[in-house]
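Author: The sequence and the model are shown below. Please put your questions in whatever order suits you.

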Amino acid sequence: MAKLTIDDLKKIKEKHQSTFTLREGGYRAKVTVHMGTCGIAAGARAIINTLMAEIEKSGTSDIIVTTSGCAGLCSSEPMVTIDILGHPPVKYKALNEEKMQEIFKEHIMGGNIVEKYALVIGSETTY
């Protein structure tokens, strides 16, 4: 069996990426709230409640909210990852309710990344 190269993996990723796009779900944006034990202890429930309230206030219906477990950066919790269709994902760290409101308005609704709260911009995949 031949070994896969980095180029082979990139081709496989590109081939299947289209099946995982947000467009299939009819959503423009996906927000993942990291809800591992460390995230919950750090205040992730308040973050998701704030996010849901902001979505409701905005009246938009093209944002999906999901949860995940621990992202492995417990000291940076609570965190969210925002995927806007056609843009690189952004992971935000050390959030509170006010920061989440600002990120919602600036990034999710306005399309402008709030760099001062960003942990990483773009894929965490390394080649």
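Reader: With which residue does E54 form a salt bridge?

Author: A salt bridge is a side-chain nitrogen of Lys or Arg within 4 Å of a carboxyl oxygen of Asp or Glu. This is a predicted model in which local features need pLDDT of at least 70, side-chain atom pairs count only at pLDDT 80 or more, and totals for chains, interfaces and linings use all residues. Residues are numbered from 1 along each chain as its sequence is written, and side-chain values use heavy atoms, with hydrogens and water left out. For E54 the closest N and O atoms are 3.0 Å apart, and the partner is K57.

Reader: In which helix do E54 and K57 both lie?

Author: Helices (H or I, at least four residues) and strands (E, at least two) are DSSP runs, numbered from the N terminus. E54 and K57 are 3 residues apart, about one turn of the helix, and both belong to helix 3.

Reader: Is E54 buried or exposed?

Author: Buried means under 20% relative accessible area, exposed over 50%, and partly exposed in between (1.4 Å probe, protein chains only). The partner K57, at 64% relative accessibility, counts as exposed. E54 has a relative accessible area of 4%, so it is buried.

Reader: Why does the salt bridge of D62 and R28 tie together distant stretches, and how many residues apart in sequence are these parts?

Author: The side chains of D62 and R28 meet at 3.0 Å, N to O. D62 lies in the loop between helix 3 and strand 2, while R28 lies in the loop between helix 1 and strand 1, so the parts tied together have a sequence separation of 34 residues.

Reader: What is the distance, N to O, in the salt bridge between K116 and E102?

Author: K116 counts as exposed at 60% relative accessibility, and E102 is partly exposed at 28%. Their side chains meet in a salt bridge, with an N to O distance of 3.2 Å. K116 sits in the loop between helix 4 and strand 5 and E102 in helix 4, so the pair ties together parts 14 residues apart in sequence. The distance asked for is 3.2 Å.

Reader: In which order do the strands of the open sheet stand?

Author: Two strands pair if DSSP finds at least two bridges between them. The sheet is open and holds 5 strands in mixed pairing, in the order 2-1-3-4-5.

Reader: Which strands stand at the edges, with one side left without a neighbour in the sheet?

Author: In the order 2-1-3-4-5, each edge strand has a single partner strand, so one side of each has no neighbour in the sheet. The twist averages 20° from one strand to the next. The edge strands are strand 2 (63-68) and strand 5 (118-121).

Reader: Which residue of strand 5 stands opposite K91?

Author: Strand 4 (residues 90-92) pairs with strand 5 in the antiparallel sense over 3 bridges. Opposite K91, in strand 5, stands V120.

Reader: What angle does the direction of helix 3 make with that of strand 2?

Author: Contact means heavy atoms within 4.5 Å; axes are lines fitted to C-alpha atoms, for helices over the stretch in contact, and angles run from 0 to 180 degrees between N-to-C directions. Helix 3 (residues 44-58) packs on the sheet and touches strand 1 (29-34), strand 2 and strand 3 (80-84). Its direction and that of strand 2 make an angle of about 170°.

Reader: At what angle does helix 4 run to strand 3?

Author: Helix 4 (residues 97-109) lies across strand 1, strand 2, strand 3 and strand 4. Relative to strand 3, helix 4 runs at about 15°.

Reader: How far apart in space are I84 and I108, C-alpha to C-alpha?

Author: I84 lies in strand 3 and is buried, with a relative accessible area of 10%. I84 and I108 are 24 residues apart in sequence, yet their C-alpha to C-alpha distance is 7.3 Å.

Reader: At which residue does a cis peptide bond join E77?

Author: Most residues other than glycine have a negative phi, and most peptide bonds are trans. Here omega is about -5° for a bond whose second residue lies in the loop between strand 2 and strand 3. That residue is P78.

Reader: What is the phi of A94?

Author: A94 is found in the loop between strand 4 and helix 4 and counts as partly exposed at 36% relative accessibility. Its phi is positive, in a residue other than glycine, and lies near 50°.
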